[in-house]
Every structure is written in structure tokens, then in C-alpha cells.
Amino acid sequence: MLLKQAGLFAWRLCAIFLALISIVTAEDPYRFFNWNVTYGDIYPLGVRQQGILINGQFPGPEIYAVTNDNLIINVHNSLPEPFLLSWNGVQQRKNSYQDGVYGTTCPIPPGKNFTYTLQMKDQIGSFFYFPSLAFHKAAGGFGAIKVLSRPRIPVPFPEPAGDYSLLIGDWYKTNHTKLKAILDRGHRLPFPDGILINGQGPNGTSFTVEQGKTYRLRISNVGLQHSLNFRIQGHKMKLVEVEGTHTIQTTYSELDIHAGQSYSVLITADQPAQDYFVAVSTRFTKPVLTTTATLHYSNSKRPVSGPIPGGPTTEIDWSLNQARSIRTNLTASGPRPNPQGSYHYGLINITRSIKLESSAAQVNNKQRYAVNSVSFVPADTPLKIADYFDIDGVFRVGSISDNPTGKKMYLDTSVMGADFRAFVEIVFQNHEDIVQSWHIDGYSFWVVGMDGGVWTPARRNQYNLRDAVSRCTTQVYPKSWTAIYMALDNVGMWNVRTEFWARQYLGQQFYLRVYSPVKSIRDEYPIPVNALLCGRAVGRQTRPL
């Protein structure tokens, strides 16, 4: 107890010190968070199960920030096993040490704490955080992140009357430890039991609106696997932002949101005064899972009624056409006052083309998943930590090829090297019958094309080189391809992974080492003074205070 009080006192002193620095140097504002991570009983689908709570909350507390804010998040791990949080969509400019995945950050030991220092550098938009180790994501520990524009930066729509975060995702009644054990034995997981909206099952949550007013809904798919369709009975949705990019304001009746993706829509309470269904259902599955929440008019004269609004089920073309319709608003300001279209990505020459092909197979009689035939296995030391201390034998740059090799699947700690300031094309090729979702930490990228079949260089003629949406997570449809452009302007060790979480856990990921030979804080910040050291880095020193 005394140790915990001493740790809290030290953290408060650090917080005061940082606050004083910000006042004296006129830095961007600081926001402070003190979180305690515990297990607790939750009942999202009506049965008791072990959940991960943050400050007693499931889902965890919402993070509210403004562009360039510094977030100081002190995380106490009160679980009986190591724990990490990662920040989906937060780019960690020049600072992959804070990314919170095992390839960059040592886990927080039981009974210990770690203080993350994040900056929302040149970012706006809707994101989320989640636990990245040991299949903890299936127990909760996730929460919403909303990053608002600075007051002097114009936003391409009037300020809404309210701003709601909706965390949707598929869910199991089975405790995460049992799900992890199934995967560790080399088996696939069963079909999920239901869908949650903000940690609640069917009819478990509601959102209150006033008739005639417009509201912003930030919707993130924090689930483990399935694409979800979102819709509101009797209401249209105007898409305004996708993962930090203001979009052309297209109106939709329903919206497909794939695993790991985030969208912002505006809805206007322009219907008769009553309550309406908010419906979420799985896409491309048999059976189809559906759940509901309630859009409650403050002057409602009757409860929800009528059938739950139906949505698309297995139609691939419908979803593909919707994805192609999502484009960048070129005249709107992003986090800076200059228009989003001022960076002409379509006029930049590609310096490297990478093709990533996913696969599933048995290795040593256990189910595994791979990228370009390599199924990732974690090293005994986080890769970024090993890189900083020049520890030999932890990983090898080039242990995954730029292109499919056709080899039999094998295990390795796969790391792909890349040059700082390169401009790359990445093609995700999907030969399987499922929708895949891919995320790249530390970056946003332009989704320039997607279509059925096998990608060839001739497909570049189909690319959108003018107003493709910039985001950090993209879907790849069954037996299809998706192509992205990405400017490698962020030095660090960055996780490239499937958002199909069982596949990620069983090897469908790798790390992209974006490297600059110039050891300068202009390109990358040094290792944090408070960095936890583990594996072969134990006993070493970070750097002087």
C-alpha cells in the first residue's frame, strides 16, 4: 500500500512538473489521466463473465483531446498478468516506443504502473484504445478516443448539439482465458455469441436527442472479427469523417464498418417524437447476429415499435460500392488550416511496391496464419527496445519478403525494413472467402483502389489518384485486393496486422521498421526515460533525465 501511495505521489509530482513546463514554454496543452486496470464481473449478454475494467468502467473512460494535446496516461496494472494498452489510429509521431504493442513496448508487470506520453500531433478524428496482449481484447479494456480540431481551424459542418461515441463489436460469453486456450491448442474459435454497443447487449443502451437538432455519432468497430452494418430506424446518416479525414458528405441509410475501423456521421432528429431502433448486425455471416440500442427523443411520446430495420447481409458488391464512394473532402481543413487536398499524393512517384498475401495453414499440427508465408512469433525482447540497444539475435530485418514467395508457411519474427521518406505502394491480396481488415500503426494511408480478382500492375489504371480517403484501417473483400499509397514519414517500428484478432494472435502480422541513419530528434525521439525494460534489455539504462 505504501509503495502504491509513493508511486502515486511521484506521478503527481511528475504531472505538476510537466504542467509547469507547459506554462513556462507555452507548449501545447497537457491532459492527465490516472487509470487502474482490474478484473471485474460483467454481464453484457446476460451471463456473468470476467471483464477488464479501467477505473471500474466497461468500456473504459473516453479520452477527449484537441489537436496537438499531450496526454499523460498513468496505467496501474492490477491484473495478475502483464498488460499493455495500444492506441488504434494515434500516430505516435517519431515515438513508436509509446505504441503499446509487444514489438515496441515492454508489458506492464502485475502490480506495477507505466505512464504513457502521447501527443495528438497534427491529428483530428475518431479512434479507440484497446489491450494488445494475451487476447485481453476479448475481455474489454477498450475505450473511445475523440480528437477535436483547434478552435481556429474551420470544420466543414456546424457544431453539433451533441457528440456520442459508439463502440460496437462482436462478443463471446466465454471468458477470454478460455478463448486464448483454444487458440493456444491450435484450434479456431467458434462463432461469436452476440454484438455489443458500448458494452451492452440488446436494448441495453440509449442515446437521447432533442427534436430538430443534429448530433455527431463516432462509431468504432472494436470487435474481434466481424464486419458490422450500422443503421438507425427512420433516419439518414451523413458521413463527415473517417479515422482523421474529413470526407465528402455523402448520405447513407446504413454503413458497413469493418473490424478496427472508425466513422463519424451526423444525424438530425427530424422524425416524429418517439423512440427509434439503433441496429447493428454482422455482415457476410450465416447466421446473422443483430443487436439494438435506442435513439430516444427527449419529447418522445411512445417507445420503439415496428420491426428492427433490416440491413444488407452477404452482398459483397453493395459493400464494395459503398467503400468506393467514401472520398476525401479536398477543400476542408484537416488538423491544420491548409486544405486536405493540398498534398497531391497522386503526383508522387512510387519508390517501392509491396504485395502482402495472407494465408491460413497448419504448422506443427496447429492452426496458424501468415503474411507472405511468414507466421509471426514474438521475440523475447520488444523489437524496438532491442533495436535501440543494438541487441543481436532478436530479429532480422528482411525476414519477410516484399512479395509472396509461394513457400510453405513457417514461423519467424518477421520484420520488413523501409527507408524514411520513401513513398510506397502496398497491395493486400486476399485469396480467401472472408472479408479481411488490415491496420498499420503509426500511419494513415490513401486507399487508392480495391476490386475483385488478382492484382496486376494493370490494375493501377483503376486507382483513384485525386481524392482517395486517407485512413489507418482498410478492408479487403473475399478473393479481392486493396491497394494503398503511404508516405513513410514516421521513423519507428510499426505493427502491420490483421484486425481479425484470432488471426493476429496466431501470426498474421509483422513489423515495418522505418529507418533513418541520422540519429536526430528531428527524425525520432529517444527512448523514454521511464521505458520499462524486459527480456534481454533488463539491466540496461534508458538515458539520463
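**Sheet, helix and ring pairs in a predicted model**

Colleague: In this predicted model, in what order do the four strands of the open sheet stand, and which of them are at the edges?

Modeller: The four strands form an open sheet with mixed pairing, in the order 3-8-7-5. Each edge strand has a single partner strand, so one side of it is left without a neighbour in the sheet, and the strands in this position are strand 3 (63–66) and strand 5 (85–88).

Colleague: Which residue in strand 8 stands opposite F128?

Modeller: Strand 7 (residues 125–131) and strand 8 (residues 143–148) pair in the antiparallel sense, over five bridges. In strand 8, the residue opposite F128 is A144.

Colleague: Why do the buried residues of helix 2 lie on the same side, and what arc do they cover?

Modeller: In helix 2 (residues 176–184), the buried residues are H176, L179, I182 and L183. An α-helix has 3.6 residues a turn, so residues three or four places apart point the same way. The buried residues of helix 2 are placed on the same side because the arc they cover around the axis is only 115°.

Colleague: How is the aromatic pair of Y97 and Y388 arranged, and is Y388 buried or partly exposed?

Modeller: The ring centres of Y97 and Y388 are 6.3 Å apart and the planes stand at 80°, which is over the 60 degrees required, so the pair is edge-to-face. This pair links Y97, in the loop between strand 5 and strand 6, with Y388 in helix 4 (residues 383–388), 291 residues apart. Y97 is buried at a relative accessible area of 5%, whereas Y388, at 32% relative accessibility, counts as partly exposed.

How values were computed
Residues numbered from 1 in each chain as written. Predicted model: local features only at pLDDT ≥ 70, side-chain atom pairs only at ≥ 80, totals over all residues. Heavy atoms only, no water. Buried < 20%, exposed > 50% of the residue type's maximum accessible area, 1.4 Å probe, protein only. Helix = DSSP H or I, 4+ residues; strand = E, 2+ residues; numbered from the N terminus. Arc of directions from axis to C-beta. Pairing = 2+ DSSP bridges. Phe/Tyr/Trp six-rings, centres within 6.5 Å; stacked < 30°, edge-to-face > 60°.
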